[in-house]
Amino acid sequence: MENDAEYYNQKGNEASGFKNEEEAVKCYLKAIELSPGTAKYYVNLGTTYENIKEYDLAEKYIKRGISLASNDLRFQFRLAEFYWNIERKDKSYEIYLEILSKDSSNGRAFCGIGRIYSEMEDYNKAVAFFTKSIELGYENSDPYLFRAFVYNNHLEEYGKALADFKKAAELNPDDPLIP
């Protein structure tokens with residue numbers, strides 16, 4: 001049954017990739033029917049519902065996925081991003097703190113909190129969280145890029161901004177956000 005469920009999950013991924021969300025929903029529901037204990041099928045379904053702005057269903061299914069795999073931080077990050085996308089920064093913040101309670105050295109979570117402080121216009125705290133993310137070895141362009149924007153646009157620390165933009169470009173040369 002698991003192979004059949006994975007087949008429908010893959011078909012759902014393909015349909016979603018082609019923006020055929022109605023078909024994706026059908027496929028993920030079939031995958032869940034065949035393997036109701038597999039967390040990623042619920043999270044994929046929730047993400048699809050988010051794409052079609054069915055936010056209550058999105059939240060419901062992402063949370064169901066998390067309940068089936070509470071130690072898999074990928075799904076918690078997905079929920080934090082969902083809340084970020086629907087302008088629920090408070091909920092996103094709570095999820096990042098929950099992630100840090102399970103993994104206190106998670107640089108990605110520190111970066112997420114930095115984004116929230118940046119949105120709240122608490123730029124010094126944002127920089128502190130982006131810096132902590134970097135110090136923890138989160139080798140991604142995001143903390144450098146977001147910190148660079150804060151330095152450049154709000155703190156007028158142009159030398160630091162330039163250094164961070166350069167590092168972000170080195171880590172992700174194809175990022176269209178990097179000037």
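Before I show anything, one definition: a residue is called buried when its relative accessible area is under 20%, exposed when that figure is over 50%, and partly exposed in between. Please also keep in mind throughout that what you see above is a predicted model.

I would like to start with a residue to which that definition applies, Cys-111, which is found in helix H7. Its relative accessible area is 3%, and because the limit for buried is 20%, Cys-111 counts as buried. What is Cys-111 in contact with, once its neighbours within four places in sequence are left aside? The partners are Phe-129, Phe-130, Ser-133, Tyr-138, Asp-142, Pro-143 and Phe-146. For one of these, Ser-133, there is also a backbone distance to report: Cys-111 and Ser-133 are 22 residues apart along the chain, and their C-alpha atoms are separated by 5.5 Å.

Let me now step back to the whole protein. There are ten helices and zero strands, so that if you read along the sequence, the pattern is simply α-α-α-α-α-α-α-α-α-α. Taken along the principal axes, the C-alpha atoms fill a box of roughly 55 × 35 × 25 Å. The protein has 179 residues, and 44% of them count as buried. If we take the contacts with a separation of 6 or more, 41% of them are accounted for by residues 24 or more positions apart.

On the surface, the accessible area comes to about 9,700 Å², and carbon and sulfur atoms hold 48% of that. As for charge, the protein carries 23 positive and 31 negative charges, and the mean positions of the two sets are 2 Å apart.

Next, the largest pocket, which holds about 170 Å³ of space. Which residues line the largest pocket? They are Trp-84, Arg-115, Ser-118, Glu-119, Phe-130, Phe-146, Phe-149, Val-150 and His-154. Helix H7, residues 107-119, and helix H9, residues 141-155, each supply at least two residues of that lining, and the largest share, four residues, comes from H9. You may recognise two of the names from a moment ago, since Phe-130 and Phe-146 belong to the lining and are also among the contacts of Cys-111.

From there I move to helix H10, residues 158-171, where Asp-164 is found. Is Asp-164 buried or exposed? With a relative accessible area of 5%, Asp-164 is buried, because that value is under the 20% limit. Not counting residues up to four places away in sequence, Asp-164 touches Tyr-144, Arg-147, Ala-148 and Tyr-151. Asp-164 and Ser-141 are 23 residues apart in sequence, and from C-alpha to C-alpha they are 9.0 Å apart in space.

Gly-159 also lies in helix H10, but Gly-159 has 57% relative accessibility and therefore counts as exposed, the limit being 50%. Between the C-alpha atoms of Gly-159 and Ala-148, which are eleven residues apart along the chain, the separation is 9.5 Å.

Now to the loops, beginning with two glutamates whose backbone angles deserve a look. Glu-87 lies in the loop between helix H5, residues 73-85, and helix H6, residues 89-102, and although Glu-87 is not a glycine, its phi is positive, at about 65 degrees. The place of Glu-121 is in the loop between H7 and helix H8, residues 123-135, and here too phi is positive, near 65 degrees, in a residue other than glycine. How accessible are the two? Glu-87 counts as exposed at 58% relative accessibility, and Glu-121 is exposed with a relative accessible area of 59%.

The last residue on my list is Ser-70, in the loop between helix H4, residues 55-68, and H5. Its relative accessible area is 35%, and because that lies between the limits of 20% and 50%, Ser-70 is described as partly exposed. Leaving out residues up to four places away in sequence, Ser-70 touches Gln-76 and Lys-102. Which distance separates the C-alpha atoms of Ser-70 and Phe-146, 76 residues apart along the chain? That separation is 29 Å.

To close, I return to where I began: Cys-111 in helix H7 is buried at 3%, and one of its contacts, Phe-146, is part of the lining of the largest pocket.

How values were computed. Residues are numbered from 1 along each chain as its sequence is written. This is a predicted model: local features need pLDDT of at least 70, side-chain atom pairs count only at pLDDT 80 or more; totals for chains, interfaces and linings use all residues. Side-chain values use heavy atoms; hydrogens and water are left out. Buried means under 20% relative accessible area, exposed over 50%, partly exposed in between (1.4 Å probe, protein chains only). Contact means heavy atoms within 4.5 Å. Accessible areas come from the Shrake-Rupley method with a 1.4 Å probe; for residues, only the protein chains shown count as cover. Lys and Arg count as positive and Asp and Glu as negative; His and the chain ends are not counted. The place of a charge is taken as NZ of Lys, CZ of Arg, CG of Asp or CD of Glu. On a 1 Å grid over the protein atoms alone, a cavity is a set of points where a 1.4 Å probe fits but cannot get out, and a pocket is an open set with protein on both sides within 12 Å along at least five of seven lines; lining residues have an atom within 4 Å of a point. Grid points are joined across faces, edges and corners, and a volume is the space filled by probe spheres set on the points.
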